[in-house]
Amino acid sequence: MSSRETTNVLWFDELHRVDVNLVGGKSSSLGEMTSSTDVPVPYGFATTAHAYQYFMQTTELNDQVNTLLENIKDYENSEELRTTCEEIRNLIVDAEMPADLASDITKAYADLGVKMNQTDPFVAVRSSATAEDLPDASFSGQQESYLNITGAADVVDRIQQCFASLFTDRATYYRHKQNFPHEKVALSAAIQMMVFSKSSGIMFSVNV
């Protein structure tokens, strides 16, 4: 296993679109634009799928989460699904982030501030699941992202909340309906410099 597959953090200019298994769809796309194009992408870094898996293993949450999911009798029962998913998210948010993982994130955030010549820069913390944009399913937009986050402690906290958002009601239901195993999805968080723009927009393209 390469060092890239076992590291907790990768910078955008270290990433390409083929790294979707390492950092998910969003983070790998940001990396591709940063490393291979002249598009002015706000800089940042991504926590890896390994970081998420390490968090879940170290906190011993995998078995608890799987048991709760297995106990859902009817995914069409919105109240049962909501209650179970809320319990899972609370378990993840309330768990203690492994010290070495928190340290890696804190150092990367500090390094980002040095690179951008800012102290405690404002960043977006954006969820990026490894199951996004598959040929027969689209999981993008199912998880949470957070804007205007500043300070290492808040960045670590929001990353943990991104981990928890892998189990929103809508994301859990969608994976179930797509027959996509929950344990095969990992969550990367893209930590990206905020842009304080005067205007913004979105463009949809058509694949012809």
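**Polar pairs, a bent helix and two cores**

In this predicted model, the side chains of Asn8 and Asp104 make a polar contact at 2.9 Å. Asn8 sits in the loop between helix 1 and strand 1. Despite that loop position, Asn8 counts as buried, because its relative accessibility is 8% and the cut-off for buried is under 20%. Setting aside neighbours within four places in sequence, the contacts of Asn8 are Ala46, Thr47, Thr48, His50, Ala51, Leu101 and Asp104.

Next come the charged pairs. Side chains of opposite charge can pair when their charged atoms come close. Seven salt bridges turn up in the model. One of them joins Lys177 and Glu76, with 3.3 Å between the closest N and O atoms. This pair ties together distant parts of the chain: Lys177 belongs to helix 8 (residues 169–177), while Glu76 lies in the loop between helix 4 (62–70) and helix 5 (78–94), and the two are 101 residues apart. Neither end is tucked away: Lys177 is partly exposed at 46% relative accessibility, and Glu76 is partly exposed too, at 48%.

Helix 8 also supplies Asp169, which forms a salt bridge with Arg89, the closest N and O atoms being 3.4 Å apart. Again distant parts of the chain are linked, since Asp169 is in helix 8 and Arg89 in helix 5, 80 residues apart. Both partners are partly exposed, Asp169 with a relative accessible area of 26% and Arg89 with 23%.

The pair Lys107 and Asp111 is a local affair. Their side chains meet in a salt bridge of 2.8 Å, N to O, and both residues lie in helix 6 (residues 99–115), four residues apart, or about one turn of the helix. Here the two ends fall into separate accessibility classes: Lys107 is exposed at 53%, whereas Asp111 is partly exposed at 28%. Salt bridges can also chain up, and Glu79, Arg82 and Glu86 are linked in a network of them.

Helix 2 (residues 20–36) is an odd one to look at. With 17 residues, a straight helix would reach 24 Å at 1.5 Å a residue, but the end C-alpha atoms of helix 2 are only 15 Å apart. There is a bend to go with that shortfall: helix 2 turns by about 85 degrees at Lys26. Its buried residues are Leu22, Val23, Gly24, Gly25, Ser27, Ser28, Leu30 and Gly31. They pack against quite a list of elements, namely helix 1 (3–6), strand 1 (9–11), strand 2 (44–47), helix 3 (49–58), strand 3 (123–129) and strand 5 (187–193).

That leaves the nonpolar interior. In soluble globular proteins, nonpolar side chains tend to be buried together. The largest nonpolar core in this model has 50 residues, and Phe55, Ile92, Val123 and Ile191 have the most contacts inside it. Take Ile92: leaving out neighbours within four places in sequence, it is in contact with Phe55, Met56, Leu61, Gln160, Phe163, Ala164 and Phe167. A second core, separate from the largest, has five residues and includes Leu15, Leu22, Val23 and Ala46. Some of these names have come up already: Leu22 and Val23 are among the buried residues of helix 2, and Ala46 is one of the contacts of Asn8.

Definitions and conventions. Residues are numbered from 1 along each chain as its sequence is written. This is a predicted model: local features need pLDDT of at least 70, side-chain atom pairs count only at pLDDT 80 or more; totals for chains, interfaces and linings use all residues. Side-chain values use heavy atoms; hydrogens and water are left out. A salt bridge is a side-chain nitrogen of Lys or Arg within 4 Å of a carboxyl oxygen of Asp or Glu. Buried means under 20% relative accessible area, exposed over 50%, partly exposed in between (1.4 Å probe, protein chains only). The expected span of a helix is 1.5 Å times one less than its number of residues. The bend at a residue is the angle between axes fitted to the seven residues ending there and the seven starting there. Contact means heavy atoms within 4.5 Å. A nonpolar core is a set of buried Ala, Val, Leu, Ile, Met, Phe, Trp, Tyr and Cys residues joined through side-chain atoms within 4.5 Å. A polar contact is a pair of N or O atoms within 3.5 Å; within protein, one must be able to donate a hydrogen and the other to accept it, and residues adjacent in sequence count only if both atoms are side-chain atoms.
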